[in-house]
Amino acid sequence: MSRARIVLEMPEGVWVSEVTAEHPDATVCVLSAVPAEDSGIALITVYADDPDEIVPAIESHPGILEAELVHESTGQVTVQIETRTPMLVLSAQTSGVLIDFPVRISEGQVTLEVSGAADRLAALFEEFERAGVEYRVEYIRDDPRPEELLTETQRDLLLTAVEQGYYETPRQCSLTELAEEVGLAKSTCSETLQRAEGAVIETFVEELTGPIGLQSDVR
């Protein structure tokens, strides 16, 4: 299973592209979306200084069949819509990838995270190209399985450290006590723990930003 983060420039005529381009202070987050028979249904939240100005623009767009206000509060509104052009959902459905919601759209630019096998991601890119969508791949990486992220020794040590309260504030277990608990020399325990922590932190950061130093693929 691979994960990819893609930035897309939506083509003209797509409601979310035109509405966010006309209202550059607005950000649309698609919370969920499903294809219907000849349309797509989505739940979106619009964040803006005055989101009430944007709802009429959504409702009146030719690409919108129906829009129903679900919730509103200061600086945001949530709307359920039915659209004629569910391009992202249909492309994902055709290629067999999974979209990670929410999907963020600002100034006509979509930041999309998807998961799927390598051949399915390739099929998704083909769908974008067929639809004339410009896109940039920020990263593609394989998700490591938990059992592959750490060695058995690192995993056991890290779990023991958590169980013994090593990461609590204040600490309930010192490094010396942890080393004695697992039967390692203090220096070995420290080095093993640091390697385990580094692997976990690096994976967490990559989950947020993508692999450091990975060159983007611009299409």
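The paragraphs below go through the strands, the enclosed and open spaces, the salt bridges, the backbone exceptions and one surface patch.

This is a predicted model, in which local features need pLDDT of at least 70 and side-chain atom pairs count only at pLDDT 80 or more, while totals for chains, interfaces and linings use all residues. Residues are numbered from 1 along each chain as its sequence is written, and side-chain values use heavy atoms, with hydrogens and water left out.

Strand and helix labels refer to DSSP runs numbered from the N terminus (helices are H or I with at least four residues, strands are E with at least two). Strands E2 (residues 27-35) and E3 (residues 40-47) are antiparallel and share eight bridges; two strands count as paired if DSSP finds at least two bridges between them. The connection from E2 to E3 is a hairpin of four residues. Within this pairing, alanine 33 faces alanine 42 of E3. E2 also pairs with strand E7 (residues 103-106), again antiparallel, through four bridges. There, threonine 27 has serine 106 of E7 as its bridge partner.

E2, E3 and E7 come back in the description of the internal space. Spaces are found on a 1 Å grid over the protein atoms alone: a cavity is a set of points where a 1.4 Å probe fits but cannot get out, a pocket is an open set with protein on both sides within 12 Å along at least five of seven lines, and lining residues have an atom within 4 Å of a point. Grid points are joined across faces, edges and corners, and a volume is the space filled by probe spheres set on the points. Searching the whole structure gives one cavity of 30 Å³ or more. The largest cavity holds about 250 Å³. It is lined by 22 residues, of which Trp15, Val30, Pro86, Leu88 and Val89 are the closest to its centre. Two or more lining residues come from each of helix H1 (15-22), E2, E3, strand E5 (76-83), helix H3 (87-95) and E7. E3 contributes the most to this lining, with four residues.

The largest pocket has a volume of about 180 Å³. Its lining consists of Arg3, Asp100, Phe101, Pro102, Arg104, Thr111, Leu112 and Glu113. Strand E8 (residues 109-116) supplies the largest share of that lining, three residues.

Two of the pocket residues, arginine 3 and glutamate 113, also form a salt bridge, with an N to O distance of 3.2 Å. A salt bridge here is a side-chain nitrogen of Lys or Arg within 4 Å of a carboxyl oxygen of Asp or Glu. The pair connects distant parts of the chain, since arginine 3 is in strand E1 (residues 2-9) and glutamate 113 in strand E8, 110 residues apart. Both arginine 3 and glutamate 113 are buried; buried means under 20% relative accessible area, exposed over 50%, and partly exposed in between (1.4 Å probe, protein chains only).

Arginine 5, also in strand E1, forms a salt bridge with glutamate 138, the closest N and O atoms being 3.9 Å apart. Glutamate 138 belongs to strand E9 (residues 134-142), and the two partners are 133 residues apart. Arginine 5 counts as buried because its relative accessible area is 10%, whereas glutamate 138, at 25%, is partly exposed.

A third salt bridge joins arginine 195 to glutamate 191, at 3.2 Å between the closest N and O atoms. These two residues are four apart in helix H8, so about one helical turn separates them. Arginine 195 is exposed at 53% relative accessible area, while glutamate 191 is partly exposed at 43%. Elsewhere, salt bridges with shared partners connect Arg3, Arg5, Asp100, Glu113, Arg136 and Glu138 in one network. The structure contains seven salt bridges.

The backbone has some exceptions. The peptide bond between phenylalanine 101 and proline 102 is cis, with omega near 5°; proline 102 sits in the loop between strand E6 (98-99) and E7. Another cis peptide bond links threonine 169 to proline 170, with omega about -5°. Proline 170 is in the loop between helix H6 (152-163) and helix H7 (175-182). Glutamate 107 is not a glycine, yet has a positive phi of about 50°. Glutamate 107 lies in the loop between E7 and E8 and is exposed, with 53% relative accessible area.
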